[in-house]
Amino acid sequence: MKIAMLARNPNLYSHIRLKEAAEQRGHELDILNTTRCTVHIASHRPEVYYNGEPMIGYDAVIPRIGASITNYGLAILRQFEMRGCWPLNESVAIGRSRDKLRSLQILAKHGLGLPLTAYANDPKQAEEIIKAVKGPPVVIKLLEGTQGIGVVLAETMSSAKSVIEAFRGANVNILVQEFIKEAGGTDIRALVVGGKVVAAMKRTGAADDFRSNLHRGGSAQVIKITPEERSTAVRAAKRMGLNVCGVDMLRSNHGPVIMEVNSSPGLEGIESATGKDVAGQIIAFIEANAKVGRTKTRGQG
């Protein structure tokens, strides 16, 4: 099988592991810098070019699209899909996951546990949305932030209002969420592959940081998740239409609540914490499911 991976940096741990896992199983995997791909649009001839050469003969594509180039990356992925190339995660599903508000709306529609969340355009409504999520304290997030960047904990009404007004004054879209104090600065990352949780870890934030992202200096360890947490992660992946994703949850007093569904989860932290060959399981899923033209958008919204 010939596989293309859309990724800007071939030297990231996740990309190296996926390439190793594919080659160990007898497949050819090419890492293509997404920004060097170009789309040629012509009737009945959807083409993708890389450094001026047509990209043909690929059976599957693994999208590892950076958040900063989401729109461009999705355009390239759609072109592969139009050629009949099977995507590990489809462009529509990735687009849902990258929009935090849209993804929360989809999950809420299907009854999955979420923190109270509010969204407003007018900074004059700051106090109203803070009260709507039973704050302060409240967590304020950029709609398209990643790796903990653009996430602020505001502990008083005045500081929360100031942050909201500053973001909206700069015309930046934000969400305001309740602060789950009982989580104690930890969260759970459950990695779902093909409708099953294949690995799970608990992430703990640095001593002076409420965010648990490993990129922010947090630590990770293997954890045994509850049946309810496992079911929540699987249902979230299904509703988002993602074959592979990381579902980030907090343990609240009223059960697991989903913070985010990540369509390009990193593998280093979870493989190191659990000792599991997640990359190999992803390649095995591709082997079992990649069929030319077998593209069907899953999930709604």
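The following paragraphs go through a predicted model, taking up a sheet, two annotated residues, an enclosed helix and several salt bridges.

The sheet is open and has five strands in the order 14-13-12-15-16, paired antiparallel. Its edges are strand 14 (219-222) and strand 16 (255-262); each has a single partner strand, so one side of each lacks a neighbour in the sheet. On average, and with direction ignored, neighbouring strands are turned by 30 degrees against each other. Helix 7 (residues 227-240) packs on this sheet, where it touches strand 12 (186-193), strand 13, strand 15 (244-252) and strand 16. The direction of helix 7 makes about 35 degrees with that of strand 16. At the other edge, strand 13 (residues 196-204) and strand 14 run antiparallel and are joined by four bridges. Within this pairing, Arg203 stands opposite Ala220 of strand 14.

Two residues of the sheet carry an annotation. The unreviewed UniProt entry lists Asp248 and Glu260 under "binding site". Asp248 lies in strand 15, and Glu260 lies in strand 16. Asp248 has a relative accessible area of 4% and is therefore buried, the limit for that class being under 20%. Glu260, with 25%, is partly exposed. Leaving aside neighbours within four places in sequence, the contacts of Asp248 are Asp187, Ile188, Arg189, Arg203, Val257, Ile258, Met259 and Glu260. The two annotated residues are thus in contact with each other. One of the contacts of Asp248 is polar: its side chain meets the side chain of Arg189 at 2.4 Å. Arg203, which stands opposite Ala220, is also among the residues that Asp248 contacts. For Glu260, not counting residues up to four places away in sequence, the residues touched are Lys100, Gly246, Val247 and Asp248.

Strand 16 also takes part in covering a helix. Helix 3 (residues 91-98) has eight residues, of which seven are buried, so the rest of the structure largely encloses it. The buried residues are Ser91, Ala93, Ile94, Gly95, Arg96, Ser97 and Arg98. Their cover includes strand 6 (60-63), helix 2 (70-82), helix 4 (100-109), helix 7 and strand 16. Helix 7 and strand 16 therefore appear both in the packing on the sheet and in the cover of helix 3.

The whole structure contains twelve salt bridges. One of them pairs Asp277 with Arg17, with the closest N and O atoms 2.6 Å apart. This pair links distant parts of the chain, 260 residues apart: Asp277 is in the loop between helix 8 (268-274) and helix 9 (278-289), and Arg17 is in helix 1 (residues 13-24). Asp277 is partly exposed, at 41% relative accessible area, whereas Arg17 is buried, at 14%.

Glu127 takes part in two further salt bridges, one with Lys131 (3.2 Å, N to O) and one with Lys161 (3.4 Å, N to O). Glu127 and Lys131 are four residues apart in helix 5 (residues 126-132), so about one helical turn separates them. Glu127 is partly exposed at 31% relative accessibility, and Lys131 is exposed with a relative accessible area of 52%. The bridge from Glu127 to Lys161 links distant parts of the chain, helix 5 and helix 6 (residues 157-169), with the two positions 34 residues apart. Lys161 counts as partly exposed, at 26%. Elsewhere, salt bridges with shared partners join Arg17, Glu20, Glu271 and Asp277 into one network.

Methods:
Residues are numbered from 1 along each chain as its sequence is written. This is a predicted model: local features need pLDDT of at least 70, side-chain atom pairs count only at pLDDT 80 or more; totals for chains, interfaces and linings use all residues. Side-chain values use heavy atoms; hydrogens and water are left out. Two strands pair if DSSP finds at least two bridges between them. Axes are lines fitted to C-alpha atoms, for helices over the stretch in contact, and angles run from 0 to 180 degrees between N-to-C directions. Contact means heavy atoms within 4.5 Å. UniProt positions are given in the numbering used here, feature names are shortened, and annotations may be inferred rather than shown by experiment. Buried means under 20% relative accessible area, exposed over 50%, partly exposed in between (1.4 Å probe, protein chains only). A polar contact is a pair of N or O atoms within 3.5 Å; within protein, one must be able to donate a hydrogen and the other to accept it, and residues adjacent in sequence count only if both atoms are side-chain atoms. A salt bridge is a side-chain nitrogen of Lys or Arg within 4 Å of a carboxyl oxygen of Asp or Glu.
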